[in-house]
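Please load the model in your viewer and keep the sequence panel open beside it. The tour below proceeds by selection, with a short account of what each selection contains.

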Amino acid sequence: MTDVAVAYDDEVGGLIDEVEGLLMRVRSQRGAQREFTLKTAGGVLRDCKKRWHQLKVEVRGLPDSDKPRFDKKVKLHSDKLDELNVMLQKLKPEVAGAATFSESAKSQDDGKQEVRNIHAR
């Protein structure tokens, strides 16, 4: 049983690192790539929460001697997942707002170019 808990703990830790990396990358990207990375981070975060839950269930079945160590890890992962979720929720409107601004800027440019074409005739 302890081996399974260790495996879930390692997996959750790796997924948390992956989400952190994706969220950091979102800040340096632009346009559709930024939206794609944010959606990917959200998907990985969902998977991570599922694995965290499996870890939590696995810890319940551990012998009393192993529980305190794993309970602490479950709590640390829970706190980190909450933090990442807050970061993700803060980035969503920024990315959506940037995409909307980008689309409106494109449509404004298209209109200007059309007027230039008419005057050039």
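## First selection: Glu 94 and Arg 34

Select Glu 94 and Arg 34, which form a salt bridge whose closest N and O atoms are 3.8 Å apart. A salt bridge here is a side-chain nitrogen of Lys or Arg within 4 Å of a carboxyl oxygen of Asp or Glu. Because Glu 94 lies in helix α3 and Arg 34 in helix α2, the pair ties together parts that are 60 residues apart in sequence. In general, side chains of opposite charge can pair when their charged atoms come close.

The two partners may be coloured by accessibility: Glu 94 is partly exposed, with a relative accessible area of 44%, whereas Arg 34 is buried at 11%. The classes are buried for under 20% relative accessible area, exposed for over 50%, and partly exposed in between, with a 1.4 Å probe and protein chains only.

This is a predicted model, in which local features need pLDDT of at least 70 and side-chain atom pairs count only at pLDDT 80 or more, while totals for chains, interfaces and linings use all residues. Residues are numbered from 1 along each chain as its sequence is written, and side-chain values use heavy atoms, with hydrogens and water left out.

## The whole chain

Switch to a cartoon view of the protein chain, whose secondary structure comes to 3 helices and 0 strands. From the N terminus on, the elements run α-α-α. Helices (H or I, at least four residues) and strands (E, at least two) are DSSP runs, numbered from the N terminus.

Of the 121 residues of the protein chain, 29% count as buried. The accessible surface comes to about 8,100 Å², of which 53% belongs to carbon and sulfur atoms; accessible areas come from the Shrake-Rupley method with a 1.4 Å probe, and for residues only the protein chains shown count as cover. Among contacts in the protein chain with a separation of 6 or more, residues 24 or more positions apart account for 76%. Contact means heavy atoms within 4.5 Å.

## Around Arg 34

Return to Arg 34 in helix α2 and add Ala 96. The C-alpha atoms of these two residues, 62 residues apart along the chain, are separated by 9.7 Å. Next, select Gly 31, which is also found in helix α2. Gly 31 is partly exposed, with a relative accessible area of 43%. Gly 31 and Ala 96 are 65 residues apart in sequence and 9.6 Å apart in space, C-alpha to C-alpha.

Now select Arg 27, in helix α1. Which residues does Arg 27 touch, not counting residues up to four places away in sequence? They are Arg 34, Met 87 and Leu 91. Arg 27 counts as partly exposed at 46% relative accessibility. A distance label from Arg 27 to Leu 38, C-alpha to C-alpha, should read 9.6 Å, for a pair 11 residues apart in sequence.

## Further salt bridges

How many salt bridges does a search of the whole structure find? The search finds 6.

One of them joins the side chains of Lys 73 and Asp 9, at 3.1 Å from N to O. Lys 73 lies in helix α3 (residues 67-120) and Asp 9 in helix α1 (residues 2-28), so the pair ties together parts that are 64 residues apart in sequence. Asp 9 is buried, with a relative accessible area of 10%, whereas Lys 73 is partly exposed at 29%.

Then select Glu 83 and Lys 80, a salt bridge with its closest N and O atoms 3.2 Å apart. Both residues lie in helix α3, 3 residues apart, about one turn of the helix. Glu 83 is partly exposed at 41% relative accessible area, and Lys 80 is partly exposed at 23%. Add Glu 20 to the selection: Glu 20, Lys 80 and Glu 83 are linked in a network of salt bridges.

## Last selection: a charged patch

Finally, display the surface and select Arg 46, Lys 49, Lys 50 and Lys 92, which gather in a patch of positive charge. Patches are made of residues with over 30% relative accessible area and no salt bridge, with like charges joined within 9 Å and nonpolar side chains (Val, Leu, Ile, Met, Phe, Trp, Tyr) within 5 Å. Lys and Arg count as positive and Asp and Glu as negative, while His and the chain ends are not counted. The place of a charge is taken as NZ of Lys, CZ of Arg, CG of Asp or CD of Glu.

Helix α2 (residues 31-60) contributes the largest share of the positive patch, 3 residues. Lys 50 has its place in helix α2 and counts as exposed, at 52% relative accessibility.
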